[in-house]
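Thanks for coming. I have one structure to go through this morning, so let me put it up.

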Amino acid sequence: RERTVQISKGAGEYPWGFRIQFSKPIVVTEVDTNGAAEEAGLIVGDYVLAVNGIDVTSIPHSEAANLARQGPDILTLTIGSDIARGPNTPRPPCRGYLHKRTQSGLIKGWRKRWFVLTHDCCLYYYKNKRDEGKRQPLSSVKLEGAEVGPEGSLGKPFVFRCRPQSGSRVYFLCATSNQEMKRWLEAMERAIHPITQNHVWVDVTRHNSDMPPLAVKNPDCLGLLNKMDKSKDTWIQHYCILKDACLYLYSGIRATHAHGGIYLQGYTVREQAYGSKKSTIELKPPSDEFKTFYFCSDNSAENKRWILAIKASIKKWRPFHQVLQDYINLPPEETRM
C-alpha cells in the first residue's frame with residue numbers, strides 16, 4: 001500500500017525528525033515525538049520507496065540520504081506500508097515520556113518511562129525511548145473499556161489515572177504540562193471507545209474479486225493452474241491472478257468475477273511431488289489451523305515461474321514485526337535525518 005508523505009523542514013541538527021535503516025527497501029526505524037516527520041504521518045516500519053520523486057529502492061544508502069538533505073525545504077517521500085495494517089492509522093495516537101507512580105516497595109515514587117499508545121488500543125511503556133522496537137515493553141495495558149481522567153488526590157499537578165477494565169490495578173501517570181496531559185487523555189479516550197472498521201485487506205480483495213481477471217491492474221502473475229480438490233481427489237482448472245499475496249481463482253479468462261481467493265501472507269511455497277505428479281506447487285500455511293493447497297500447471301517450468309512469483313508477492317509485504325526483528329538482529333547502517 002503506497003502513500004505520499006510531505007515533511008516540512010524543521011530546525012536543528014536533524015530537521016526532518018526521523019531515522020532510516022538501509023535495507024531492501026529502506027525502513028524508517030525511528031520517528032521523533034512531535035517532530036516534523038511525525039506531524040506529517042511518518043511511522044516506524046514505513047518503507048521509503050522514493051525521495052522527491054526519485055526511486056531509492058536500489059540505490060546506495062548514502063545517495064538516498066543525500067537526496068533528502070540536499071532537496072527543497074519540503075521533503076516528499078513515497079512510502080510503502082504493510083497492507084495488513086488497518087486503514088486510516090497513519091501513526092500511533094500518542095508517544096512520549098511520562099512519570100509513572102510506582103507501587104513496588106514501601107516508598108511510593110515516580111519513575112520516568114517512555115509510553116506508546118498504539119492504534120490497537122494498547123498502552124505500552126519502556127524504560128527508555130530507545131527501547132521501543134528493540135526490547136520487550138516493561139508492561140502493557142489494554143485500554144478498551146478502561147476508565148481514565150484527571151487525578152487531584154496526590155497533591156501533584158498534571159496527574160491522571162488509568163483504571164483498566166480487567167484487573168484491580170490503577171495506573172497514575174504525570175505529564176509535564178496541562179497541555180501534555182490533555183493530549184494524552186484525548187488519545188486515551190479515543191482508545192477506550194475504538195471505531196470498528198473493516199480490515200483494509202478485506203476492502204482491497206473484495207474490490208479485486210468483483211472484477212474480471214484481466215481488469216486487475218499490475219498482477220504479479222497470471223495464467224492457468226490446476227488446483228487439487230481433495231474431497232473429489234481430482235484436479236480442477238482455474239484461471240488465476242496473483243496480486244499482493246492473494247491468489248484469485250476464476251472459472252475462466254472470460255469470467256466476470258472471482259469465485260474464490262487464497263490469502264498467502266505467512267505461507268511458504270515450494271515445488272513438491274503430489275500423488276502421480278512429480279512437480280506441483282505446495283502452499284503451506286503458517287499453522288495447522290489453515291489448509292495446505294496444491295496447484296500444478298502443464299509443465300515443471302511453468303510451476304517454477306509461479307513459485308518465483310508467489311514467493312516475491314508474499315515477500316513484497318513484509319509483516320511489521322519482521323521489519324522490527326530484522327532491525328534488531330542485523331547490524332544496521334543508519335542515518336539520522
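What you see is a predicted model. I'll start with strand pairing.

Take S6, residues 74-80. Strand S1, residues 2-8, runs antiparallel to S6, and 7 bridges join the two. Within that pairing, glutamine 6 has threonine 76 in S6 as its bridge partner. Strand S4, residues 47-51, is also antiparallel to S6, with 4 bridges. There, valine 48 is partnered with isoleucine 79.

Staying with S1, look at threonine 4, which is in that strand. Threonine 4 counts as exposed because its relative accessibility is 54%. The C-alpha of threonine 4 is 9.8 Å from the C-alpha of alanine 40, and these two residues are 36 apart along the chain.

Just past S4, in the loop between S4 and strand S5 (54-55), is asparagine 52. Asparagine 52 is not a glycine, yet its phi is positive, near 50 degrees. Its relative accessible area is 28%, so asparagine 52 is partly exposed.

Next, helix H2, residues 61-69. Which residues of H2 are buried? They are His61, Ala64, Ala65 and Ala68. These four lie on the same side of H2, because they cover an arc of only 95 degrees around the axis. The general point is that an α-helix has 3.6 residues a turn, so residues three or four places apart point the same way.

Now the charges. How many salt bridges does the structure hold? The count is 12. One of the pairs is arginine 3 with aspartate 46, at 2.6 Å from N to O. That pair connects distant parts of the chain: arginine 3 is in strand S1, while aspartate 46 is in the loop between helix H1 (36-40) and S4, 43 residues apart. Arginine 3 is partly exposed at 25% relative accessibility, whereas aspartate 46 is buried at 0%.

A second pair is glutamate 151 and arginine 161, whose closest N and O atoms are 3.4 Å apart. Glutamate 151 sits in the loop between strand S11 (147-150) and strand S12 (159-163), and arginine 161 is in S12, so the salt bridge ties together parts 10 residues apart in sequence. Both of these residues are buried. They also belong to a network of salt bridges that links Glu147, Glu151, Arg161 and Arg163.

A third pair is glutamate 282 with arginine 270, at 2.6 Å between the closest N and O atoms. Glutamate 282 is in strand S19, residues 277-284, and arginine 270 is in strand S18, residues 268-274, so parts 12 residues apart in sequence are tied together. Glutamate 282 is buried, at 5%, and arginine 270 is partly exposed, at 42%.

On to the cysteines. How many disulfides are there? The count is 0. For cysteine 240, the closest cysteine sulfur is that of cysteine 221, 9.3 Å away, and that is too far for a bond because the cut-off is 2.5 Å. Cysteine 240 is buried, with 0% relative accessibility. Cysteine 246 is buried as well, at 2%.

Last, the loop between helix H4 (200-209) and strand S14 (221-229), where we find leucine 214. Leucine 214 is exposed, at 57% relative accessibility. Together with Leu222 and Ile253, Leu214 makes a nonpolar surface patch of about 270 Å². Asparagine 218 is in the loop between H4 and S14 too. Asparagine 218 has a positive phi, about 50 degrees, although it is not a glycine. At 63% relative accessibility, asparagine 218 counts as exposed.

Key:
Residues are numbered from 1 along each chain as its sequence is written. This is a predicted model: local features need pLDDT of at least 70, side-chain atom pairs count only at pLDDT 80 or more; totals for chains, interfaces and linings use all residues. Side-chain values use heavy atoms; hydrogens and water are left out. Patches are made of residues with over 30% relative accessible area and no salt bridge: like charges are joined within 9 Å, nonpolar side chains (Val, Leu, Ile, Met, Phe, Trp, Tyr) within 5 Å. Accessible areas come from the Shrake-Rupley method with a 1.4 Å probe; for residues, only the protein chains shown count as cover. A salt bridge is a side-chain nitrogen of Lys or Arg within 4 Å of a carboxyl oxygen of Asp or Glu. Buried means under 20% relative accessible area, exposed over 50%, partly exposed in between (1.4 Å probe, protein chains only). Two strands pair if DSSP finds at least two bridges between them. The arc is that of the directions from the helix axis to the C-beta atoms.
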